[in-house]
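Got the viewer open? Keep the selection box handy, and let's walk through this one stop at a time.

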Amino acid sequence: MKTILVPTDLSPLANQALRVAASLARRTGAAITLLHYVPFFVSEEIMSDHTARIAADYRNQQVAEARTELTALCQQPEFQDLTLTPVVAEGADGLYGSITRQPADLIVVASHGARGMQEWLWGSNAEKVANYAHCPVLIIKENTTEVSPKVSVFALDADDRLAPARPLPAPFDEGKRRFVYVMTPTDNRAADGIREWMAQWAGRQGLTDYDLVIYAHKNIPDGIIRFAEESSADLIVLHTHQESSFWNFFSGNVAEAVINHATLPVLVVPVA
């Protein structure tokens, strides 16, 4: 892993994501890109000259202040042993477009999650980052101080599109892997068929040290989260397909629901 990208709004929670990324960078030797996006304004072409000047001055001020804050953050003593590059992005393609333009092997983003009407209308920023990202995305929560997985829970859907899976970046390829298939009351798949699919898929991946649990629950996202908690896991891993507006690998936007509701860190890995 060469580069870790940390999108930040300069909030305390985003700074926590930077600290988690710093811990990962120390273990892998990666450099960190710290990205802040300055919101895009309406085209100055439709403004009067006076209004356009005011808008341009305001935008330039916002960019300058963001650069100052990012530089100060990168120069803090706790990060002096790392290579941090501050980047201020602006433009019409927005935050998510700015993220996809940055080369990275891993994106680390903090999330409060989303609940109720907010989740239905907008979702969380972390979920949208995972939707647009070109590499694995680690979503940390408010209680996350470090990610050093000893037990990782991989949510399984027995979907042939998962093969071959993208290799996990270090250090997420370490520790015990527990695969879970959540069996809902309306699921008519046979348990033996799921185990056979898993054995074939694991063989293609060269996996030998893993567990597979078929876990009964009323719905998939809550089942994944509950199983991870009962397993004393420290990481949930989701493989996803980013297909037009329906990026979820599971039906019913399971990936988004897990990201928004889990209290554990979640690693979202796009399928190769």
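**Stop one: β1 and its neighbours**

Select β1 together with strand β4 (residues 106-110): the two pair in the parallel sense over 2 bridges. Pairing here takes at least two DSSP bridges between two strands, while strands themselves are DSSP runs of E, at least two residues, and helices are runs of H or I, at least four residues, each numbered from the N terminus. Show I4 and you'll find it opposite L106 in β4.

Before going further, a word on the source: this is a predicted model, in which local features need pLDDT of at least 70 and side-chain atom pairs count only at pLDDT 80 or more, while totals for chains, interfaces and linings use all residues. Residues are numbered from 1 along each chain as its sequence is written, and side-chain values use heavy atoms, with hydrogens and water left out.

Now add strand β2 (residues 31-37), which pairs with β1 in the parallel sense over 5 bridges. I4 also stands opposite I32 in β2. To get from β1 to β2 the chain passes through helix α1 (residues 12-28), and this β-α-β crossover is right-handed (with the strands pointing away from the viewer, the path from the first strand over the helix to the second runs clockwise).

Is β1 mostly covered or mostly open? Colour residues 3-7 by accessibility: 4 of the 5 are buried. Buried means under 20% relative accessible area, exposed over 50%, and partly exposed in between, with a 1.4 Å probe and protein chains only.

**Stop two: the whole sheet**

Zoom out and select every strand in the chain, which has 8 helices and 10 strands. They line up as an open sheet with mixed pairing, in the order β3-β2-β1-β4-β5-β10-β9-β6-β7-β8. At the edges sit β3 and β8, each pairing on one side only. From one strand to the next the twist averages 25° (axes are lines fitted to C-alpha atoms, for helices over the stretch in contact, and angles run from 0 to 180 degrees between N-to-C directions).

Next to β4, pick strand β5 (residues 137-140): the two run parallel and are joined by 4 bridges. There, I107 stands opposite V137.

**Stop three: over to β7 and β8**

Select α6, which lies across β7 and β8 and runs at about 150° to β8. Then show the side chains of K176 and D209, which meet in a salt bridge at 2.8 Å, N to O. The term means a side-chain nitrogen of Lys or Arg within 4 Å of a carboxyl oxygen of Asp or Glu. K176 is in strand β7 (residues 176-183) and D209 in the loop between α6 (191-205) and β8 (210-216), 33 residues apart.

Another pair to show is R178 and D211, with a salt bridge at 3.8 Å, N to O. R178 belongs to β7 and D211 to β8, 33 residues apart. R178 counts as partly exposed at 21% relative accessibility, and so does D211 at 30%. Keep all four side chains on screen: salt bridges that share partners join K176, R178, D209 and D211 into one network.

**Last stop: back to α1**

How many salt bridges does a search of the whole structure find? The count is 6. One to select is E78 with R19, where the closest N and O atoms are 3.1 Å apart. E78 lies in the loop between α2 (49-74) and β3 (84-89) and R19 in helix α1, so the pair ties together parts 59 residues apart in sequence.

Note on methods: Contact = heavy atoms within 4.5 Å.
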